[in-house]
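Dear colleague,

I am passing on to you the structure we spoke about, and below it you will find my notes on what turned up in it. Please read them with the coordinates open beside you.

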Amino acid sequence: MGITAAFMVPHPPLIIPDVGKGEERKIQHTIDAYREAARRIGELRPETILLISPHQVMYADYFHISPGKRAKGDFDQFRAGHVRMEAVYDTEFVEKLCALAEERGIPAGTQGERIRQLDHGTMVPLYFFNQFFTEYRLVRIGLSGLPLCLHYELGQCMGQAAELLGRRTVVIGSGDLSHRLKEDGPYGFRKEGPEYDARIMEVMEGADFGRLLDFSEDFCEKAGECGHRSFTIMAGALDQRKVRAERLSYEGPFGVGYGICAYEVCGSDISRNFREQYEKKEKKRVLEQRRQEDAYVRLARKTIETYIRTGRIIEVPQDLPREMYENRAGAFVSIKENKNLRGCIGTITATQPSIAREIIENAVSASSRDPRFSPVEENELDRLTISVDILGEREKIHSSDALDVKRYGVIVTRGNKRGLLLPNLEGVDTVEEQIAIAKSKAGIGRNDEVELERFEVVRHY
């Protein structure tokens, strides 16, 4: 049978009457839509429900799939511990899904479970579904910090597993939308909040899933979204399937967006291979950018490709501009993959005898020693975009008023702690944000006093 339907749903605990104690009536449209989705699931009588939750165990570089035969949960943390439920896991499906992910080189599996209990991102949907149908087995899947394309690809594995096992399967993408819709909401207001909700609802009600991969990490973070990765995995499970999409509801009275959409699978459609289309588009973009790279970036790229493929650090080439041999300066090498940061390492002042050698040393470090990321792998090299920043002289300043987030980078110092942030970075729009990020990188408290320095850069693409 395979996948018969999918649903995008939110998970506000207060939608449960024993938690909301009347407040849930303010999202009655969401409740009504949830019941409609649950009714449809009851009619479908799925053997397996694949539920993707942002509140499952989450790792930066690994998708956690819940192990074992069953799990229980309750709403005790929301003062309704008497509301309990239990789920029986589809162990055969879990085994097949893990095997398919391993074949594709996707880091996913049942290792690393820290909390066995069901999370509220799982229990809220099951609260409604169980009112209409309970004779299913559950597969509970978490998110990761990995690129959106890998989330989509994990969803493809889910769809493949359902077909191979012949399971009548429903997929649930559990996730709230923006948490920044109102000043009195849980995270205040940012303009990206309503922008995100309008954009994601347009994408989801039209089942235009390829656009999910175009949302930048910076935009999603500023919007305070919760479910984007869940929806992307769900979309991957529907890859190359013709779907009938329907928006059931959207509202956000508490400053958090709640959207519900339904997708009925009604055949195959090979034109809906969104990951493949996205990767072709990205490859074309990277190739075009590579054609325009200057000598600084070409040197960084040659360094990275040689080091990743052979483990060898190149010698300084003989065909570089004279200033790269004669001048010394601090330099940062930044690497992106699918428009998301993949590594960035640099030096505030010169540590090598030439700019060329500075770039080579930092390119090696950015690709293999940035503690925030795993080392770049050979199969990623064709997808990387690279930039090189050459730092000018540092200048002490006495106030943040002397900064300009587009023109100047900033260095913050407190005792022996020092943090740096480059200028003109995507997603960093104010001096306050710039200083806060630099403090965070240095392990300095947000409200701690710091010494400030500014510098200009010449950025090479």
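**Salt bridges**

Glu 293 and Arg 301 are joined through their side chains in a salt bridge, with 2.7 Å from N to O, and both partners are buried, Glu 293 as well as Arg 301. Before going further I should say that this is a predicted model, and everything that follows should be read with that in mind.

The structure as a whole contains 45 salt bridges. One of them pairs Asp 429 with Lys 222, where the closest N and O atoms are 2.2 Å apart. Because Asp 429 sits in the loop between β16 (417-421) and α13 (431-442) while Lys 222 belongs to helix α7 (residues 217-223), this pair ties together parts that are 207 residues apart in sequence. The two partners can also be described by their accessibility: Asp 429, at 41% relative accessibility, counts as partly exposed, whereas Lys 222, at 8%, counts as buried.

Another salt bridge stays within a single helix. Arg 291 and Glu 288 meet through their side chains at 2.8 Å, N to O, and both lie in helix α9 (residues 274-291), three residues apart, which is about one turn of the helix. Arg 291 is exposed, with a relative accessible area of 62%, and Glu 288 is partly exposed, with a relative accessible area of 37%. There is also a network of salt bridges, in which Glu 36, Arg 39, Arg 40, Glu 43 and Glu 246 are linked.

**Aromatic pairs and charges over rings**

Eleven aromatic pairs were found when the whole structure was searched. In one of these, the rings of Tyr 34 and Phe 128 have centres 4.3 Å apart and planes at 10°, so this pair counts as stacked. Since Tyr 34 comes from helix α2 (residues 28-44) and Phe 128 from helix α4 (residues 120-129), the pair ties together parts that are 94 residues apart in sequence. Both Tyr 34 and Phe 128 are buried. A tilted pair is formed by Phe 133 and Tyr 136, with 6.4 Å from centre to centre and 35° between the planes, and here again both Phe 133 and Tyr 136 are buried. Tyr 34 and Phe 128 appear once more in a cluster, which ring pairs build from Tyr 34, Tyr 127, Phe 128 and Phe 129.

Two arginines are placed over aromatic faces: Arg 199 lies over the face of Phe 215, at 3.8 Å from the ring centre, and Arg 454 lies over the face of Tyr 408, at 4.1 Å from the ring centre.

**Nonpolar cores and a buried helix**

The largest nonpolar core has 55 residues, of which Met 204 and Tyr 263 touch the most other members. Helix α5 (residues 148-165) contributes the largest share of this core, namely nine residues. Apart from that core lies another, of 38 residues, whose members include Ala 38, Phe 75, Phe 254 and Ile 260.

Helix α8 (residues 228-237) deserves a look of its own, for ten of its ten residues are buried, and the helix is therefore largely enclosed by the rest of the structure. Among the buried residues of α8 are His 228, Arg 229, Phe 231, Ile 233 and Met 234.

**Cavities and a pocket**

The structure holds two cavities of 30 Å³ or more, and the largest cavity encloses about 40 Å³ of space. Its lining is made by Leu 148, Glu 217, Cys 220, Glu 225, His 228 and Arg 229, with α7 and α8 each supplying at least two of the lining residues. His 228 and Arg 229 are thus to be found both in this lining and in the list of buried residues of α8.

As for the open spaces, the second largest pocket holds about 340 Å³. It is lined by 14 residues, and those closest to its centre are Gln 77, Ile 115, Gln 117, Leu 118 and Asp 119. The elements that give two or more residues to the lining of this pocket are β4 (70-75) and α4, and α4 is also the helix that holds Phe 128 of the stacked pair described above.

With best regards

Definitions and conventions: Residues are numbered from 1 along each chain as its sequence is written. This is a predicted model: local features need pLDDT of at least 70, side-chain atom pairs count only at pLDDT 80 or more; totals for chains, interfaces and linings use all residues. Side-chain values use heavy atoms; hydrogens and water are left out. A nonpolar core is a set of buried Ala, Val, Leu, Ile, Met, Phe, Trp, Tyr and Cys residues joined through side-chain atoms within 4.5 Å. Buried means under 20% relative accessible area, exposed over 50%, partly exposed in between (1.4 Å probe, protein chains only). Helices (H or I, at least four residues) and strands (E, at least two) are DSSP runs, numbered from the N terminus. Rings of Phe, Tyr and Trp (its six-membered ring) pair if their centres lie within 6.5 Å; planes under 30 degrees apart count as stacked, over 60 as edge-to-face and the rest as tilted. A charge sits over a ring if NZ of Lys or CZ of Arg is within 6 Å of the ring centre and within 35 degrees of the ring normal. A salt bridge is a side-chain nitrogen of Lys or Arg within 4 Å of a carboxyl oxygen of Asp or Glu. On a 1 Å grid over the protein atoms alone, a cavity is a set of points where a 1.4 Å probe fits but cannot get out, and a pocket is an open set with protein on both sides within 12 Å along at least five of seven lines; lining residues have an atom within 4 Å of a point. Grid points are joined across faces, edges and corners, and a volume is the space filled by probe spheres set on the points.
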